[in-house]
Amino acid sequence: MGGSFIWYLGTIGKSKGIMLSSDLNIHDEVDRSDLKTLDTYKSRLAASDFKGEWIFSNPSQPNIGVDRYWKLSDQKHWFIKCSHCGYERYLTYWKKEGVKRPPHYVDEDREIFACGKCHKELSDEDRRVGRWVAKYPGREISGYWITQLMCAWISAKEIINTKKTTTTEYFYNFVMGMPYASKDVSIDRGVISRNMTGEKNPMTKPCAMGVDNGVLKHYVIGNEDGIFAYGATEKWSDIERLLKRYDIMLALSMRTPILRTQRSSNRLIGERSSLATSKGIGIIWESYNGARTRTSAWSIRIETRPWIGWSMIS
Ligand SMILES: [Zn+2]
């Protein structure tokens, strides 16, 4: 084509494409592709000055495939204006209350698309005529969030029906264009058994401990070579013993509303003096997403994921 070539190649199975070099890779359905092969295609751009990559996909799970690129992108949302009150915002399914600038939403009772501000019906024309607004302007990767709500030929009633008759995962991935973390999909027996080894942890590397705070405290202890101890206890003194026994370099626990244990957990984990082991310190950390902190040896970013739970974060 004008002295150039277009190659159509797959990612499943062995591909000759690995031998080709390219200026632009266009990937369709990234989340349903073999991600390792996809990485190999990236290497094919090395000789190019342009090094272009276009990634298209229905998302699957958070932080996998297209969602990774989305998070790094400028995150363009389709902004539409309510023809009744002029309020301009993007459209999502769920009505959001208590936020400063609520998005437009789907009203299940009235079976309409509704304005986030005046709650009157948004017309098909309102949905069609909009503009892309980047949440993070200036980022190098240009990302577009596309949902079925943007399709003027699909009614609110159809969207509601799809939601009622399909799985949550399907609705997120294929209707809303959003990743979805299902408990069963993310961590199943297979994932766990694949990560188990018959080798004994030599326990020579620095150890970290995670404690799920509560009346019953679940703990997990591990290092770079894997997890080697876990259990549960009601006593903070047991936790303290473990901290010393394994010379824990970093312990993480969560602040909880259980006041009776709060004081002792603060004493043990919040204050360096009573917890400090020879190698490190412990911290107590509010559990909220994106929190960051730093100690002399560790850089920590808290990412709470309900299906993994606290212990794996630590
Ligand atoms: Zn309005």
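A residue counts as partly exposed when the number of other C-beta atoms within 10 Å of its own falls between the two cut-offs, buried at 20 or more and exposed at 12 or fewer. With 17 C-beta neighbours inside 10 Å, Leu 45 is therefore partly exposed. That is a handy way into this structure, which is a predicted model.

**Around Leu 45**

Leu 45 sits in the loop that links helix H1 (35-43) to strand E2 (52-55). Once neighbours within four places in sequence are set aside, the contacts of Leu 45 are Ser 22, Asn 25 and Lys 51. The chain also brings Ser 21 to this loop: its C-alpha atom is 6.1 Å from that of Leu 45, although the two residues are 24 apart along the chain.

**The chain as a whole**

Stepping back, the protein chain has 314 residues, and 19% of them are buried. Its secondary structure comprises 11 helices and 14 strands. Among contacts with a separation of 6 or more, 58% join residues that are 24 or more positions apart.

How far does the predictor trust its own model? The mean pLDDT of the chain is 78, with 73% of residues at 70 or more. Two stretches deserve a careful eye. Residues 256-290 stay under 50 in pLDDT, and the model gives them 67 contacts beyond four places in sequence. Residues 303-314 are also below 50, and this stretch has 28 contacts in the model beyond near neighbours in sequence.

**A three-stranded sheet**

Which strands form the open sheet, and in what order? Three of them do, in the order E4-E3-E7, with antiparallel pairing. Strand E4 (88-90) and strand E7 (130-134) are the edges, each pairing on one side only. From one strand to the next, the twist averages 40°.

On one side, strand E3 (residues 76-81) is joined to E7 by five bridges, and the two run antiparallel. Lys 76 has Ala 134 as its bridge partner in E7, while His 77 is partnered there by Val 133. On the other side, three bridges tie E3 to E4, again in antiparallel fashion. Here Phe 79 has Tyr 90 in E4 as its bridge partner. E3 and E4 form a hairpin with six residues between the strands, and in it Gly 86 adopts a positive phi near 85°.

**Three partly exposed positions**

Positive phi also turns up in residues other than glycine. Glu 29 is one of these, with phi near 50°, and Gln 75 is another, with phi near 55°. The table sets their surroundings beside those of Asp 124.

| Residue | Place | C-beta neighbours within 10 Å |
|---|---|---|
| Glu 29 | loop between strand E1 (24-27) and H1 | 13 |
| Gln 75 | loop between helix H2 (66-72) and E3 | 18 |
| Asp 124 | helix H3 (residues 124-128) | 13 |

Why does Gln 75 count as partly exposed? It has 18 C-beta neighbours inside 10 Å, and a residue is buried only from 20 upwards. Glu 29 is partly exposed too, because 13 other C-beta atoms lie within 10 Å, and exposed residues are those with 12 or fewer. The count of 13 places Asp 124 in the partly exposed class as well. Asp 124 has a distant partner in sequence to look at: Cys 151 is 27 residues away along the chain, with 8.5 Å between the C-alpha atoms.

**Nonpolar cores**

Which residues touch the most other members of the largest nonpolar core? Of its 16 residues, they are Leu 91, Tyr 93, Val 106, Phe 113, Ala 114 and Leu 122. Strand E5 (105-107), strand E6 (112-114) and helix H4 (156-165) each contribute at least two residues to this core. Apart from it lies another core, of 13 residues, including Val 211, Ile 248, Leu 250 and Ala 251.

Leu 122 is a good place to see the first of these cores up close. Leaving aside neighbours within four places in sequence, Leu 122 is in contact with Ile 80, Cys 82, His 104, Phe 113, Ala 114, Cys 115 and Arg 127. Two of these contacts, Phe 113 and Ala 114, appear in the list of core residues above.

Notes: Residues numbered from 1 in each chain as written. Predicted model: local features only at pLDDT ≥ 70, side-chain atom pairs only at ≥ 80, totals over all residues. Helix = DSSP H or I, 4+ residues; strand = E, 2+ residues; numbered from the N terminus. Contact = placed C-beta atoms within 7 Å. Pairing = 2+ DSSP bridges. Axes fitted to C-alpha atoms, helices over the stretch in contact; angles between N-to-C directions. pLDDT = per-residue confidence, 0-100. Core = buried A, V, L, I, M, F, W, Y, C linked by C-beta atoms within 7 Å.
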